[in-house]
Amino acid sequence: MGKLIFYGATSLDGYLATSDDNLDWLTQLTGIPADAGTATLASMTAAIMGRVTYDYVAQQAPDAPFNPANPQMHNYVLTHQNRPNLPLTTFTDEDVVTLARDLRTQPGDTWIVGGQTILTPLLAAEMVDTLFLQLAPILLGQGKRLFGDLTQPQHFDLIQAHQLGPLAELVYQRRN
């Protein structure tokens with residue numbers, strides 16, 4: 001049974017992106033080790049993300065695999081737009097919790113990419129096994145939040161903390 005793993009960066013005040021989906025505050029950081037995340041991302045055989053995230057990555061690196069640590073990883077992009085599927089990308093309007101349940105039955109781990117619309121419902125369903133949070137040394141003040149409102153507290157245990165250049169990476173595992 002595969003695990004659901006969030007792996008991503010946020011500002012110190014909990015934003016994934018600016019209000020206009022800009023990530024320059026993160027992509028322009030220097031000193032991040034070239035192999036940062038490689039071991040974790042290599043285990044990802046699938047990813048669940050929203051269309052805005054997918055479009056941003058496709059625009060920034062059109063010829064690169066979404067996950068260079070595992071170029072054969074399959075992407076599931078949640079969207080209401082009708083788009084043709086690609087060899088490694090499925091566009092779907094399936095409920096994120098239903099999709100994640102299906103992916104958990106398959107071998108390999110699933111990378112949760114994105115914030116409130118992707119991550120929050122999975123947290124509410126108590127399906128996220130591990131959180132890899134890279135904290136960037138910036139306060140954005142506003143933008144798109146990583147976490148949305150939850151009706152119940154979610155409990156995780158800190159299992160690792162280390163530095164990745166200017167980032168602090170905190171790894172949390174769901175408390176059983």
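**Exercise 1. The second largest pocket**

Task: In this predicted model, which residues lie nearest the centre of the second largest pocket, and which element gives the most to its lining?

Solution:
- Start with the lining. The second largest pocket is lined by 17 residues.
- Go to the centre. Tyr54, Ala64, Phe66, Asn75 and Thr89 lie nearest to it.
- Assign the contributors. Helix H3 gives the most, with three residues.
- Sort by class. The lining divides into 12 nonpolar residues, four polar and one charged.
- Add the volume. The second largest pocket holds about 270 Å³.

**Exercise 2. The largest pocket**

Task: What is the volume of the largest pocket, and which elements supply at least two residues each of its lining?

Solution:
- Take the volume. The largest pocket contains about 1,700 Å³ of space.
- Find its centre. Among the 50 lining residues, Leu23, Thr53, Val57, Phe66 and Val113 are the closest to it.
- List the elements. At least two lining residues each come from strand S1, strand S2 (15–17), helix H1 (24–27), helix H2 (38–42), H3 and strand S8 (144–145).
- Pick out the largest share. H3 supplies it, with six residues.
- Sort by class. There are 28 nonpolar, 16 polar and six charged residues in this lining.
- Set the two pockets side by side. Phe66 is among the residues closest to the centre of the largest pocket, and Phe66 is also among those nearest the centre of the second largest pocket.

**Exercise 3. The sheet**

Task: What is the strand order of the open sheet, and which strands stand at its edges?

Solution:
- Write the order. The eight strands run S5-S4-S3-S6-S1-S7-S10-S9, with mixed pairing.
- Read off the ends. Strand S5 (89–92) and strand S9 (156–164) are the edge strands. Each has a single partner strand, so one side of each lacks a neighbour in the sheet.
- Add the twist. From one strand to the next it averages 20°.
- Check one pair. Strand S1 (residues 4–11) and strand S6 (residues 109–112) pair in the parallel sense over three bridges. Phe6 stands opposite Ile112 in S6.

**Exercise 4. Helices on the sheet**

Task: Which strands do helices H3 and H4 touch?

Solution:
- Take H3 (residues 51–60). This helix packs on the sheet and touches strand S3 (44–50), strand S4 (74–78) and S5.
- Take H4 (residues 96–104). This helix also packs on the sheet, with S1, S3, S4, S5 and S6 touched.
- Use S3 as the reference for direction. H3 makes about 110° with S3. H4 makes about 175° with S3.

Note on methods:
Residues numbered from 1 in each chain as written. Predicted model: local features only at pLDDT ≥ 70, side-chain atom pairs only at ≥ 80, totals over all residues. Heavy atoms only, no water. Pairing = 2+ DSSP bridges. Helix = DSSP H or I, 4+ residues; strand = E, 2+ residues; numbered from the N terminus. Axes fitted to C-alpha atoms, helices over the stretch in contact; angles between N-to-C directions. Contact = heavy atoms within 4.5 Å. 1 Å grid on protein atoms, 1.4 Å probe; cavity = no way out; pocket = protein on both sides within 12 Å on 5 of 7 lines; lining within 4 Å. Points joined across faces, edges and corners; volume = space filled by probe spheres on them. Nonpolar A, V, L, I, M, F, W, Y, C, P; charged D, E, K, R; others polar.
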